[in-house]
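Please load the model in your viewer, with side chains shown as sticks and a distance tool at hand. The tour goes from charged pairs to a helix and its surroundings.

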Amino acid sequence: MRQLTGVISDRGSKYAVSGGLARDRAGVDAFLKDLKKDKKFAKATHNTWAMVMADGTPLKGDDGESGAGMVIVRMLERAGLTDHVIVVTRWYGGKHLGGDRFRHVQDCVTAYLDDLKA
């Protein structure tokens with residue numbers, strides 16, 4: 001598991017991004033279970049995730065952050081990254097972020113992809 005914490009902080013909300021290999025939904029579920037062994041992640045407001053399987057089938061979960069999973073799917077498709085799940089975690093800080101939340105999801109995924117290349 002690769003993890004970047006403290007990627008973004010905005011109006012009290014904090015973001016982290018995690019990822020690792022997953023070949024199917026069972027792999028995603030196992031990854032999420034492992035991630036949530038850390039109480040901090042288990043108590044997060046949102047653990048939004050997505051992956052693209054080797055055959056091109058996208059899988060996603062918004063976890064209450066409507067539309068965020070599709071943002072991750074599109075970025076994975078552009079990057080050509082398959083069989084890899086990315087989870088963007090948000091701890092809600094008390095203020096609504098509006099459309100900025102999608103930019104923050106994008107920034108987290110970009111940071112993860114950049115770290116993956118490094």
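Which residue forms a salt bridge with Arg2? Select Arg2 and Asp115, whose closest N and O atoms are 2.9 Å apart; a salt bridge here is a side-chain nitrogen of Lys or Arg within 4 Å of a carboxyl oxygen of Asp or Glu. Arg2 lies in strand E1 (residues 2–10) and Asp115 in helix H4 (residues 100–117), so this pair ties together parts that are 113 residues apart in sequence. Helices (H or I, at least four residues) and strands (E, at least two) are DSSP runs, numbered from the N terminus.

Before moving on, note that this is a predicted model, in which local features need pLDDT of at least 70 and side-chain atom pairs count only at pLDDT 80 or more, while totals for chains, interfaces and linings use all residues. Residues are numbered from 1 along each chain as its sequence is written, and side-chain values use heavy atoms, with hydrogens and water left out.

Now colour the first pair by accessibility, where buried means under 20% relative accessible area, exposed over 50%, and partly exposed in between (1.4 Å probe, protein chains only). Arg2 is partly exposed at 32%, and Asp115 is partly exposed at 27%.

Next, select Glu65, Arg90 and Arg101. Arg90 forms a salt bridge with Glu65, with the closest N and O atoms 3.1 Å apart; this pair links distant parts of the chain, as Arg90 sits in strand E5 (residues 84–91) and Glu65 in the loop between strand E4 (58–61) and helix H3 (68–79), 25 residues apart. Arg90 is buried, with a relative accessible area of 4%, and Glu65 also counts as buried, at 5%. The side chain of Arg101 meets that of Glu65 in a salt bridge as well, at 3.1 Å from N to O. Because Arg101 lies in helix H4 and Glu65 in the loop between E4 and H3, this pair ties together parts that are 36 residues apart in sequence.

For another group, select Asp10, Arg11, Asp100 and Arg103, which are joined into one network by salt bridges that share partners. The structure holds nine salt bridges.

Finally, turn to H3, and select Ala68, Gly69, Val71, Ile72, Val73, Met75 and Leu76, which are buried. What do the buried residues of H3 pack against? They pack against strand E3 (46–52), E4, E5 and H4, contact meaning heavy atoms within 4.5 Å. Just after H3, stop at Gly80, which takes a positive phi of about 70°.
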